[in-house]
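Got your viewer open? Let's take a walk through this protein, one selection at a time.

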Amino acid sequence: MTVGTVVAPFGTRGEVQVELDTDFPERFRERRRYYLDGSRPGWAEVEGVRFHKGRALVKFAGCDDRTAAEALRGARLQVPPQELPPLPEGSYYHFQLLGLEVVTATGLPLGRLEAIHRTGANDVFEVRLRDGGSLLVPALRSVVVEVDLEGGRLVVAPPPGLLADEG
């Protein structure tokens, strides 16, 4: 599971700026290694983490100058799903939701959950409709009425006007 992406070097001593993709940034201070994909895939040991302007500044072992840091640009920091801490009841990791079949509370099949977009207020689910189009559904408790991971489905109560053929 991706928890961040290297967006740029920071300074001249090998630190990289990481755009966070987690609701738990404090865990960056605790974790000591990540799998990095990209041009140099493999496990990387963390020597230090600090935060600056909403991003994590991470120093990896062996990444000792700006040139080495630049080579990591675009790499995603990943952790194995089995190493993720459990979430509170009713909360889910994005990878658990992606691919679920989306149906309305009345049983109308809509399609599959294809992407989750982060916004300032709430996440937005992008559903790939059966006809090939897409539908954006707000990820609100009032809209998402059931998550059935074992059954592979997400039940939604679309707000009025969301579905084109309502009426």
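Accessible areas here come from the Shrake-Rupley method with a 1.4 Å probe. Turn on the surface: the accessible surface of the protein comes to about 9,600 Å², and carbon and sulfur atoms account for 50% of it. Keep in mind as you look around that this is a predicted model.

**The whole thing.** Switch to a cartoon view and you'll find three helices and 12 strands. Show just the C-alpha trace, and it spans about 60 × 30 × 25 Å along its principal axes. Of the 167 residues in the protein, 37% are buried.

**The largest core.** Now select Val16, Val18, Phe28, Tyr34, Val58, Phe60 and Leu77: these have the most contacts inside the largest nonpolar core, a group of 23 residues. Colour by element next; those giving two or more residues to this core are strands E1 (2–10), E2 (15–20), E3 (33–36), E4 (42–52) and E5 (55–60), plus helix H2 (66–70).

Zoom in on Phe60. Which residues is phenylalanine 60 in contact with, leaving aside its neighbours within four places in sequence? They are Val16, Tyr34, Leu36, Ala44, Glu45, Val46, Glu47, Leu72 and Leu77.

**A second core.** Next, pick Leu100, Leu135, Val137 and Leu163. They're among the 15 residues of a second, separate core.

**Rings and charges.** Head back to Tyr35 and Trp43 and show their side chains. Is this pair of rings stacked or edge-to-face? The ring centres of tyrosine 35 and tryptophan 43 are 5.6 Å apart and the planes meet at 75°; planes over 60 degrees apart count as edge-to-face, so that's what this pair is. Both residues are partly exposed, tyrosine 35 with a relative accessible area of 28% and tryptophan 43 with 39%.

Add Arg33 to your selection: its charged end sits over the ring of tryptophan 43, 4.0 Å from the centre. Then try Arg31, whose charged end sits over the ring of tyrosine 34, 5.5 Å from that ring's centre.

**Last stop: Gln17.** Select glutamine 17, which you'll find in strand E2. Is glutamine 17 buried or exposed? Its relative accessibility is 17%, and buried means under 20%, so glutamine 17 counts as buried. Follow its side chain and you'll see that it reaches the backbone oxygen of proline 9 at 3.4 Å. To finish, show what glutamine 17 touches, not counting residues up to four places away in sequence: Thr5, Val6, Val7, Ala8, Pro9, Phe10, Arg55, Ala56 and Leu57.

Definitions and conventions. Residues numbered from 1 in each chain as written. Predicted model: local features only at pLDDT ≥ 70, side-chain atom pairs only at ≥ 80, totals over all residues. Heavy atoms only, no water. Core = buried A, V, L, I, M, F, W, Y, C linked by side-chain atoms within 4.5 Å. Buried < 20%, exposed > 50% of the residue type's maximum accessible area, 1.4 Å probe, protein only. Helix = DSSP H or I, 4+ residues; strand = E, 2+ residues; numbered from the N terminus. Contact = heavy atoms within 4.5 Å. Phe/Tyr/Trp six-rings, centres within 6.5 Å; stacked < 30°, edge-to-face > 60°. Lys NZ or Arg CZ within 6 Å of the ring centre and 35° of its normal. Polar contact = N/O pair within 3.5 Å; in protein donor to acceptor, adjacent residues only side chain to side chain.
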